[in-house]
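Subject: Structure for you to look over

Hi,

Here is the structure I promised to pass on. Please open it alongside this message, and my notes follow below.

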Amino acid sequence: MVSATIPSNSLLLLLIAICSTYLSCEVESFSLHQSKSANVATTVKSQQIRPTSSTSLFMSDAALSLTGQEEDDDEEEWVEEEFELLTERDFYNTEWKIGTLMDDTPKSPTSIDTTWVRLMTTEDGQTNKAVWGDGSKGKWMIDVPSQFFSISKETFGGWFGKQIWAGTIEDFYFLEGTVRGWSPLSPASVIGQWQAIRLGNMDGGDRVSAEERGEAPWFMEDDEEGESEALATTDEEA
């Protein structure tokens with residue numbers, strides 16, 4: 001039997017080599033683990049960022065949607081309502097109560113000249129005639145696109161002058177405007193103002209009730225002015 005004797009120095013070197021190899025493997029394992037952890041952290045970070053970005057985009061879409069809705073609402077608020085224009089047919093054979101206040105008279109209710117006027121047409125439908133309560137005659141006309149309305153009153157066929165009641169149609173039951181007149185001695189000028197109320201058809205079969213007409217627009221304007229004055233007085237007292 002041969003026995004091998006290993007010097008103590010060689011044994012020490014062998015132990016050192018084994019330890020070095022082991023340490024090397026541990027270091028590699030630790031480095032690989034750290035690398036994987038870093039990759040996982042990066043993935044998690046990326047996944048945490050993406051929802052934030054996507055939520056931001058969603059909020060932007062919502063904001064845009066709300067903005068678009070507000071714009072639509074604004075457009076709906078400014079949509080103009082179309083209404084049917086009045087034509088001559090709406091005035092055929094109608095009777096109106098008309099009050100006129102001339103500029104050369106005192107501004108009081110007793111100075112208002114109240115009468116009636118009937119709006120008719122000739123049998124051939126070519127001429128619109130106006131017959132006044134005092135027996136005077138004239139003509140009436142409507143310009144449909146502009147809704148301009150006028151009634152004339154002639155003196156002796158117009159030889160001694162003519163007066164024209166004119167204004168813009170803003171209501172089916174009420175009319176108002178200014179009076180223009182001329183005579184052989186004076187040029188055409190504004191000489192007064194007028195207001196008229198629809199009474200109904202001349203045959204009396206279709207009369208307009210006060211309930212159907214409602215309140216006259218000029219009375220509503222007076223009420224609004226009165227309220228404004230009352231508010232102004234209240235503010236001054238406060």
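A salt bridge here is a side-chain nitrogen of Lys or Arg within 4 Å of a carboxyl oxygen of Asp or Glu. Keep in mind that this is a predicted model.

**Overall layout**

The protein chain has 238 residues, and buried residues make up 20% of them. It holds 3 helices and 8 strands. Read from the N terminus, the order of elements is α-β-β-β-β-β-β-β-β-α-α.

**Salt bridges**

There are 5 salt bridges in the structure. Start with R207 and E95. Their side chains meet at 3.3 Å, N to O, so the pair falls within the 4 Å limit. This pair links distant parts of the chain. R207 sits in the loop between β8 (186-201) and α2, while E95 belongs to strand β1, 112 residues apart.

How exposed is each partner? R207 has 38% relative accessibility, so R207 counts as partly exposed. E95 has 9%, so E95 counts as buried. The cut-off for buried is under 20%.

The R207 and E95 pair does not stand alone. E95, R118 and R207 are linked in a network of salt bridges.

Next, D103 and K107. Their side chains meet in a salt bridge at 3.8 Å, N to O. D103 is partly exposed because its relative accessibility is 41%. K107 is at 57%, so K107 counts as exposed. The line for exposed is drawn at over 50%.

Then K162 and E154. The closest N and O atoms of this salt bridge are 3.7 Å apart. K162 comes out at 24% relative accessibility and is therefore partly exposed. E154, at 21%, also counts as partly exposed.

**A buried arginine without a salt bridge**

Take a look at R213. This residue lies in helix α2 (residues 210-213). What is the nearest side chain of opposite charge to R213, and how far away is it? The answer is E212, at 7.5 Å. R213 is buried and has no salt bridge. A salt bridge needs the atoms within 4 Å, so a partner at 7.5 Å does not qualify. The side chain of R213 does reach the backbone oxygen of R198, at 3.0 Å.

**Backbone angles to check**

Two residues other than glycine have positive phi. N93 has a phi of about 55°. N93 is placed in the loop between α1 (8-77) and β1. With 38% relative accessibility, N93 counts as partly exposed.

The other is Q147, with phi near 60°. Q147 lies in the loop between β4 (137-143) and β5. Is Q147 buried or exposed? At 6% relative accessibility, Q147 counts as buried.

**Cavity**

Searching the whole structure for cavities of 30 Å³ or more gives 1. Its volume is about 30 Å³. Which residues line the largest cavity? They are W96, I98, V117, L119, F149, I151, L175 and A196. The elements giving two or more residues to this lining are β1 (94-102), β2 (113-121) and β5 (148-154). By class, the cavity lining has 8 nonpolar residues, no polar and no charged.

**Pocket**

The largest pocket contains about 450 Å³ of space. Its lining is made by 19 residues. G99, I112, W194, Q195 and W218 lie nearest the centre of the pocket. Two or more lining residues come from each of β1, β7 (174-183), β8 and α3 (217-237). How does the lining of the largest pocket divide by class? There are 9 nonpolar, 7 polar and 3 charged residues.

**Where to look first**

I would open three places. One is the network of E95, R118 and R207. Another is R213, buried with no salt bridge. The last is the pocket around G99, I112, W194, Q195 and W218.

Best wishes

Conventions:
Residues numbered from 1 in each chain as written. Predicted model: local features only at pLDDT ≥ 70, side-chain atom pairs only at ≥ 80, totals over all residues. Heavy atoms only, no water. 1 Å grid on protein atoms, 1.4 Å probe; cavity = no way out; pocket = protein on both sides within 12 Å on 5 of 7 lines; lining within 4 Å. Points joined across faces, edges and corners; volume = space filled by probe spheres on them. Helix = DSSP H or I, 4+ residues; strand = E, 2+ residues; numbered from the N terminus. Nonpolar A, V, L, I, M, F, W, Y, C, P; charged D, E, K, R; others polar. Buried < 20%, exposed > 50% of the residue type's maximum accessible area, 1.4 Å probe, protein only. Lys, Arg positive; Asp, Glu negative; His and termini not counted. Polar contact = N/O pair within 3.5 Å; in protein donor to acceptor, adjacent residues only side chain to side chain.
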